[in-house]
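Biologist: I've got a model open and I'd like to go through its symmetry and helix packing with you. Can you pull it up?

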Amino acid sequence: MAESSHSATPPTFPDGDEAALRASMARAVAAVRAENPLAPSITNTVTQSFVANAQLAVGGSAAMVYLPDEGEQVASMGGAVYLNLGTLLPVYEQTIPRTARACDVAGTPWVLDPVGLGIGQLRTELLQAVRATPPAIVRGNASEIIGLAKLWGLGGGAAPEGETPGEGPRGVDTTDEVDAARAAGVALARFIGGAVAVSGPADLVTDGAMVVRAAGGSPLLCAVTGSGCSLGGVAAVYACVTDPFTAALTATALYNLAGARAAEHCAGPGSFQVAFLDELHRATPEDVAAAPLVFETA
Amino acid sequence: MAESSHSATPPTFPDGDEAALRASMARAVAAVRAENPLAPSITNTVTQSFVANAQLAVGGSAAMVYLPDEGEQVASMGGAVYLNLGTLLPVYEQTIPRTARACDVAGTPWVLDPVGLGIGQLRTELLQAVRATPPAIVRGNASEIIGLAKLWGLGGGAAPEGETPGEGPRGVDTTDEVDAARAAGVALARFIGGAVAVSGPADLVTDGAMVVRAAGGSPLLCAVTGSGCSLGGVAAVYACVTDPFTAALTATALYNLAGARAAEHCAGPGSFQVAFLDELHRATPEDVAAAPLVFETA
Amino acid sequence: MAESSHSATPPTFPDGDEAALRASMARAVAAVRAENPLAPSITNTVTQSFVANAQLAVGGSAAMVYLPDEGEQVASMGGAVYLNLGTLLPVYEQTIPRTARACDVAGTPWVLDPVGLGIGQLRTELLQAVRATPPAIVRGNASEIIGLAKLWGLGGGAAPEGETPGEGPRGVDTTDEVDAARAAGVALARFIGGAVAVSGPADLVTDGAMVVRAAGGSPLLCAVTGSGCSLGGVAAVYACVTDPFTAALTATALYNLAGARAAEHCAGPGSFQVAFLDELHRATPEDVAAAPLVFETA
C-alpha cells in the first residue's frame with residue numbers, strides 16, 4: 001500500500017519516537033515482573049484458564065469475576081481491567097456496564113475484547129452501552145475492529161478517500177485482513193483516546209497517531225483457543241504499569257516473539273501452547289524491545 | 001458374544017460397504033482440514049477449553065455460547081452444533097430446547113452428549129424436551145446411552161431376546177460395559193435416524209444398521225477430563241462435512257489412533273493430553289481410514 | 001520461631017504419632033488409586049479443568065455442578081465434596097448453602113476453599129451461611145484463613161499472647177505469611193472439628209491439636225493458576241477414604257513432592273504444569289509418606 005500511490009505513502013516516522021517507544025516497552029516488561037500487578041477480568045469461560053496463565057507467565061496476577069458488585073469492586077482494586085464478551089451470561093447485562101462505569105469513576109484503564117460481535121442481542125447492547133465510558137484499549141481481529149467502529153458510528157470517519165471501512169485495500173494474503181481494519185482501528189483509537197490492537201497473521205497496533213505493524217508469531221497461534229483473549233489479558237497486565245499504546249504494543253510484540261520461539265520446538269498445537277507459556281515467561285525486556293516492528297504515522 | 005450362539009452371530013458385513021465407509025472417513029478428515037468448518041457448542045465449563053482445542057486441532061473452528069438467542073443464531077451459522085449437558089446453568093432451561101428446535105428448522109445436524117444423565121431435575125427435563133427434535137449423533141458412555149434410550153422409551157425395543165437393556169451379556173472386562181449398551185445404541189440410532197457412539201475401553205459406533213467396534217486408544221484417556229466431551233465436539237466438526245455415521249466413526253477412529261500414539265511418548269496424564277492434541281493435528285486421512293475397526297450388522 | 005523464646009517452643013511431638021500419621025497418608029494414596037472415589041465439586045470456572053485433571057491424576061473421579069438440586073444430589077453421591085467460592089454465579093446463593101446442608105445431613109465431609117474472600121457481598125453472605133454446617137477441611141492462603149477466622153468470630157481465640165491474628169510474628173520471608181495464619185488456622189480447625197491447610201511458600205496443616213509444616217514445592221506453583229484450587233480438590237478426593245487431617249496432609253505433601261519434581265525438568269510455567277500432573281500421577285504411597293514434614297503441637 002505504501003508504494004501504490006504518493007498520497008498513501010506514510011510520513012516518515014521519527015526515529016527518536018521509535019526508540020522511545022521501544023524503551024518504554026522494555027520498562028513495561030520489567031515493571032510487571034517486579035511489581036506483579038493485578039489485572040482482574042470478566043472474561044469468557046472457554047479461555048479463562050489460558051488468560052490467567054498467560055497473565056501469570058508474564059509476571060502479573062489474575063482474578064476473574066461475574067457478579068455486578070464484584071466487577072465494580074475489582075475495578076478499583078486492579079491496575080487495569082480486562083472485559084471480554086466471549087461467553088455472555090444473563091448477569092452480564094448488569095455486570096459489564098457497571099464495571100465499565102466503575103473503571104471510569106476510578107480512573108482504571110480497561111481493555112475491551114469484543115469477541116463474538118454480531119452474535120445475539122445482549123452483546124450488541126453491551127457494546128453500545130460501554131461506548132459512554134470507553135476502554136483504554138480495544139483488542140480484536142479485523143472483523144471485530146471493523147464491526148465495533150461501525151457500531152459506534154466511527155466506521156467512515158477515518159477511512160482513506162475512496163475506501164469503505166471493512167472493504168479496504170487488497171494486499172498480500174497475510175496482511176490483507178488486518179489492513180482492511182486499519183482505518184477502523186485508527187478511528188477507534190482516536191475516539192477512545194487510547195490504543196487499538198488488531199490481531200491477525202500480521203498485527204497492527206495504533207494509538208490513532210502512529211500505526212505499528214508487528215510480524216512474527218506462528219500459524220499455530222490460530223490452532224490454540226484463546227490466543228487472542230490471552231493477548232488482551234496480558235495487555236491489561238501491561239496497562240497496569242504503562243500507557244495504553246505501550247501496553248498494547250508490548251503484549252503484541254511479546255506474543256509474536258513467544259509464538260515464533262514456541263513454534264521452533266513443538267510437535268503440534270498441544271506442545272505449542274505449553275512452549276508458548278514457557279516463552280512468555282522467559283522473554284526478557286530486551287527481547288521484547290527488539291521485536292520486528294514497522295512504525296508508520298496513522 | 002458372536003460365538004456364544006448361532007442366532008447371535010452377526011451376518012457377514014459386505015466388504016464393499018466397509019471400503020466405502022473407510023473412504024468416506026478419509027474424505028471427512030481431508031475436508032475438515034481444507035474447509036475449517038465452524039461447529040458451535042453449548043457445552044460444559046469444565047472441558048470447554050479441551051473441546052475447542054480438539055476441534056481446532058483437527059482443522060475445525062469453535063464457538064461456545066450460553067444464551068437462548070445466541071444458541072438459535074449459531075444453529076444457523078454452523079455446519080453442525082454440539083450440545084453437552086455436563087454443567088447446566090439456569091438459562092439452559094431456555095437455551096437447550098430453543099437451540100435444538102432452531103437446528104431442526106435450519107436443518108443443522110447436532111450432537112447430543114448426555115453427560116451427567118440422572119443428576120438433577122433440569123437435565124432430565126431437557127433430555128425429554130429435545131426428543132421432539134432429535135440429534136443426528138448421540139455420544140456417551142455405556143450407562144448414558146442405556147439411560148437415554150430408557151428415558152426416551154426405546155430401551156426395550158431393540159434388546160436381544162432374553163436380555164434387558166442395561167443388564168446385557170457379560171463378556172471380557174474391557175468390552176463388557178460397551179457391549180451392554182449395544183442394543184440401546186442401535187435403538188437410539190434407529191430412532192434419531194442418525195448415529196450413536198458409545199465410548200469405553202473399546203468403542204462402539206452404530207447407525208442402527210451397522211455396528212462398528214473400534215479398538216485402540218489408551219487408558220490415559222480416562223485420566224484426562226474431557227476426552228469424551230471433546231470427541232463429541234470433534235464429531236460435530238466432521239458432521240459439518242459428512243453424514244452422521246461417518247462423522248461419529250471418523251471422530252472415534254481418530255481418537256483411538258491419537259490416544260495410542262500419544263501414550264507411546266508421554267510420562268503421565270499431563271504430557272499425554274499435550275501429545276494427544278498434537279496427534280489429533282498430525283493424523284492423516286489415510287491414518288484414520290486405516291484404523292482397526294470391526295464391522296458387523298446391527 | 002521455635003528457637004526465639006522458651007515459651008514459644010512447641011512441646012515435643014510424639015514420634016509414634018508421626019509414624020502413625022505417615023502410615024495413614026500412605027494408605028490414603030493407595031486407597032484412592034484402588035477405589036477411584038468420586039469427589040464432586042462446585043468450583044470456579046477458571047481452574048475447573050485443572051482441578052478435575054488433578055483429581056483424576058491422583059486416582060480419583062470428578063464431577064462439577066452449579067444447580068441447587070444437583071449440589072444436594074452430589075452431596076450424597078460423593079465420598080467428599082469440594083466447594084470453592086472463586087467465581088460466584090447468581091444461582092450460588094441457593095446452591096452453596098443447600099449443598100453444605102445436604103453434606104451435613106448425609107454425613108459427607110466437604111472442603112471449603114474461600115477464594116476471593118472480601119470481594120463482593122454474596123461471597124461474605126455464603127461464608128457466613130455455611131458456618132452453621134461447617135466443612136471438614138478448609139484450604140486457603142494465609143490471608144483467606146485469617147479472614148475466615150475473623151468472619152466466623154474465631155480470630156482472637158487462639159492467638160498467642162501479645163499477637164493479633166493477621167499481624168503475626170515476623171520470620172524469614174518464605175514462611176512469614178503462613179506463620180501469620182497459624183493461630184487462625186488452629187482456631188478454625190478446632191471450630192470445625194476438622195483440618196485446615198494453609199498454602200504458601202511453606203505450608204501449614206493443622207487439626208487444632210497438631211501443626212505440621214510442609215516444605216518443598218516450587219515457586220512455579222504460583223505461576224500456574226489453580227494450584228491452590230486443585231490442592232483443595234485433591235484433598236476432597238483423599239477425604240473420601242480417610243480422616244480430614246490425613247486428607248489435608250496427604251494432598252499438601254503430594255503437592256510439594258510433585259511440584260519439586262516437576263520443577264526439575266521444565267522450561268517454564270507451561271511445561272511445569274504438564275510435568276506436575278504427571279508427577280501427581282506417578283508419586284507412590286511411600287513417596288508421599290516420606291515427605292519432608294515437621295510436626296509440632298498446636
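Biologist: Which residue of chain A comes closest to the rotation axis?

Modeller: Keep in mind that this is a predicted model. In chain A it's Thr45(A), whose C-alpha lies 3.7 Å from the axis. For chain B, Thr45(B) comes closest, with its C-alpha at 3.7 Å.

Biologist: How do you know that chain B and chain A are related as by a three-fold rotation axis?

Modeller: Look at the operation that lays chain B on chain A: a rotation of 120°, a shift of 0.0 Å along the axis, and an RMSD of 0.0 Å. The two copies are therefore related as by a three-fold rotation axis. Chain A goes onto chain C by a turn of 120° too, with a shift of 0.0 Å along the axis and an RMSD of 0.0 Å.

Biologist: Why do you say that chain A and chain C meet through different surfaces?

Modeller: Just 14% of the interface residues of chain A are also interface residues in chain C, so the copies meet through different surfaces.

Biologist: What makes up the contact between chain B and chain A?

Modeller: Chain B brings 22 residues and chain A brings 25. About 1800 Å² is buried between the two chains, and carbon and sulfur atoms give 63% of that. On the chain B side, Tyr66(B), Glu70(B) and Asp278(B) supply 24% of the area buried against chain A, more than any other three residues.

Biologist: On to the helices. Why is H4(B) called roughly parallel to H5(B)?

Modeller: H4(B), residues 92-106, packs on H5(B), residues 121-129, at about 20°, with the axes 9 Å apart. The cut-off for roughly parallel is under 35 degrees, so H4(B) counts as roughly parallel to H5(B). The crossing of H4(B) past H5(B) is right-handed.

Biologist: Which residues of H4(B) and H5(B) meet there?

Modeller: From H4(B) you have Tyr92(B), Glu93(B), Ile96(B) and Pro97(B), and they meet Leu122(B), Leu126(B) and Ala129(B) of H5(B). Sorted by class, that contact has 6 nonpolar residues, no polar ones and 1 charged.

Biologist: What makes H2(C) and H9(C) oblique to each other?

Modeller: The axes of H2(C), residues 48-57, and H9(C), residues 227-239, cross at roughly 40° and come within 8 Å. Roughly parallel needs an angle under 35 degrees, and roughly perpendicular starts at 65. The crossing fits neither class, so H2(C) and H9(C) are oblique. H2(C) passes H9(C) in a right-handed crossing.

Biologist: Which residues of H2(C) make that contact, and how do the contact residues divide by class?

Modeller: H2(C) uses Phe50(C), Val51(C), Ala54(C) and Gln55(C), while the H9(C) side includes Cys229(C), Gly233(C) and Val237(C). By class, the contact divides into 6 nonpolar, 4 polar and no charged residues.

Biologist: And chain A: why is H9(A) called oblique to H10(A)?

Modeller: H9(A), residues 227-239, and H10(A), residues 244-264, have axes that cross at roughly 135° and come within 8 Å. Roughly antiparallel would take an angle over 145, and roughly perpendicular ends at 115. That makes H9(A) oblique to H10(A). H9(A) passes H10(A) in a right-handed crossing.

Biologist: What classes of residue make up the contact of H9(A) with H10(A)?

Modeller: There are 10 nonpolar, 4 polar and no charged residues. Among them are Leu231(A), Val234(A) and Tyr238(A) from H9(A), along with Ala251(A), Leu254(A) and Tyr255(A) from H10(A).

Definitions and conventions: Residues numbered from 1 in each chain as written. Chains lettered and ligands numbered in written order. Predicted model: local features only at pLDDT ≥ 70, side-chain atom pairs only at ≥ 80, totals over all residues. Heavy atoms only, no water. Least-squares fit on C-alpha atoms with pLDDT ≥ 70 in both. Axes fitted to C-alpha atoms, helices over the stretch in contact; angles between N-to-C directions. Helix = DSSP H or I, 4+ residues; strand = E, 2+ residues; numbered from the N terminus. Left-handed = near helix turned anticlockwise from the far one by under 90°. Contact = heavy atoms within 4.5 Å. Nonpolar A, V, L, I, M, F, W, Y, C, P; charged D, E, K, R; others polar. Buried area = accessible area lost by both parts, 1.4 Å probe.
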